[in-house]
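Colleague: Got a minute? I'd like to go through the holes and the packing in this model.

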Amino acid sequence: MRYHYLLLIVLFNLLQICHAEEPIKIGVSVALTGNASTYGIDIKNSLIFANQVLANGKYQLVIEDDMCDAKTAVSVARKLIEVDQVKYVLGFACSSTLLATANLYEQNKILTISSSASSPAISKSGDYIFRTVPSNDDVAKILFDYIKAKHRKFGVISEETDFSQSIVDSLNNNNSSNTVEIFSENFSTKEFDYKSLLLRLKSKGIEGLLINSQTEATFLLALKAAKEMNLSLPIYGAYMPGSATFRAKAGSLADGLIFADRPSASDVFTSEGNELLRQFIKLYKLNGWEIMFASSFEAFRSLDLAIKSGDDARSFLYQNKFPGIFGQYSYNASGDIEGLKFLMKTIKNGQVYNLPVAELP
């Protein structure tokens, strides 16, 4: 009898040890296939890297491909919540995937941090929703300030996605006094007749054009159409021209593009940030932006610190400042990052350059 009693105690202690060592699961919902996969894969790799560097691989990353598709993202969210029973989710290359799932994560009190989703609507999506990228309201503001100083008639072609539509909406909101006459056309992700859209805008006498796309692939298709039409006017963008993948594929077509983007490593990275980026590039190919690596790394860092604190993780994120690899940052009352600012940039000979302050309005 005593033998059986001791055996039960040993088994109980073993079960307790196994349970204590069970890793904390973190869901990752990100585009691994499709047009958005170039930066979705960067997010995934950055989170894997951060897990090793910051936590010695102690978290179990449950990585799912949401394909930058709202319906797929909902299926991913249900799996992560109901099957994997995660309490935390990172990733989201696309605004549409976070907007489609935010209510599910919010209702289930799943702490969610996006590395890339920048639609302004995300600011109102819930108390459990955070992001380490600024809102598209900010990118639209700096774009509009630049455009209004140089043009009176301006054309915009926008992809029919939450991300792109939020930019054109913000652009129009900044133009409430009609300082600039803005003409807009929309295209679907699968539409390739860009020339008809561009011809309509050209007939309006536009002096500049914004290609407002969801991905590098659709930006490049529209840019090629504009060049084939010999559309000789300044072409603008947001984010996409700064992608390494875009510039490699566009070649000389990218030269002269003017765009608003987040800062690069040379603009804001600390010495720690530059060293981490160097280590990351030794292990993984960087498809898109250096800052995407940083925003993903910092999403992981802030979550890791919140979990380690032993406090309520959501409250911890709202109440603290973090020593980021792009400088100190915090989250405001809407869960948006405070500490990153947009810059106006251009491309010359395939390289990205910040526009001099003298050229800014």
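Modeller: Sure. One term before we start: a pocket is an open set of grid points with protein on both sides within 12 Å along at least five of seven lines. A volume is the space filled by probe spheres set on the points. And keep in mind that this is a predicted model.

Colleague: Okay. What volume does the second largest pocket have?

Modeller: About 280 Å³.

Colleague: Which residues lie nearest its centre?

Modeller: M67, C68, D69, T161 and T189. The second largest pocket has 15 lining residues in total. They split into 4 nonpolar, 7 polar and 4 charged.

Colleague: And the largest pocket, what's its volume?

Modeller: The largest pocket comes to about 340 Å³. It is lined by 20 residues, and G242, R247, S264, E290 and V352 are the closest to its centre.

Colleague: Which elements give two or more residues to that lining?

Modeller: There are helices α9 (244-250), α10 (265-268) and α12, plus strands β10 (258-261) and β15 (351-354). β15 gives the most, with 4 residues.

Colleague: How do the lining residues of the largest pocket divide?

Modeller: Into 8 nonpolar, 6 polar and 6 charged.

Colleague: Switching to closed spaces. How many cavities of 30 Å³ or more?

Modeller: The count is 1. Its volume is about 120 Å³.

Colleague: What lines the cavity?

Modeller: The lining has 15 residues. Y39, A93, S116, F163 and M240 lie nearest the centre. By type, the lining holds 10 nonpolar, 4 polar and 1 charged.

Colleague: Now the packing. Which residues touch the most other members of the largest nonpolar core?

Modeller: I157, L209, Y239, F293 and F300. That core has 98 residues. Helix α12, residues 290-309, gives the most to this core, with 10 residues.

Colleague: So α12 turns up twice?

Modeller: Yes. Helix α12 gives residues to the core, and α12 also gives two or more to the lining of the largest pocket.

Colleague: Take L209. What does it touch, leaving out residues up to four places away in sequence?

Modeller: L209 touches F154, G155, V156 and I157, then L198 and L201. The list also includes L231, L233, P234, I235 and Y236.

Colleague: And what lies apart from the largest core?

Modeller: Another core lies apart from it, with 16 residues, among them L80, I81, F92 and L104.

Colleague: Why do cores like these turn up?

Modeller: In soluble globular proteins, nonpolar side chains tend to be buried together.

Technical notes:
Residues are numbered from 1 along each chain as its sequence is written. This is a predicted model: local features need pLDDT of at least 70, side-chain atom pairs count only at pLDDT 80 or more; totals for chains, interfaces and linings use all residues. Side-chain values use heavy atoms; hydrogens and water are left out. On a 1 Å grid over the protein atoms alone, a cavity is a set of points where a 1.4 Å probe fits but cannot get out, and a pocket is an open set with protein on both sides within 12 Å along at least five of seven lines; lining residues have an atom within 4 Å of a point. Ala, Val, Leu, Ile, Met, Phe, Trp, Tyr, Cys and Pro count as nonpolar, Asp, Glu, Lys and Arg as charged, and the others, Gly among them, as polar. A nonpolar core is a set of buried Ala, Val, Leu, Ile, Met, Phe, Trp, Tyr and Cys residues joined through side-chain atoms within 4.5 Å. Buried means under 20% relative accessible area, exposed over 50%, partly exposed in between (1.4 Å probe, protein chains only). Contact means heavy atoms within 4.5 Å.
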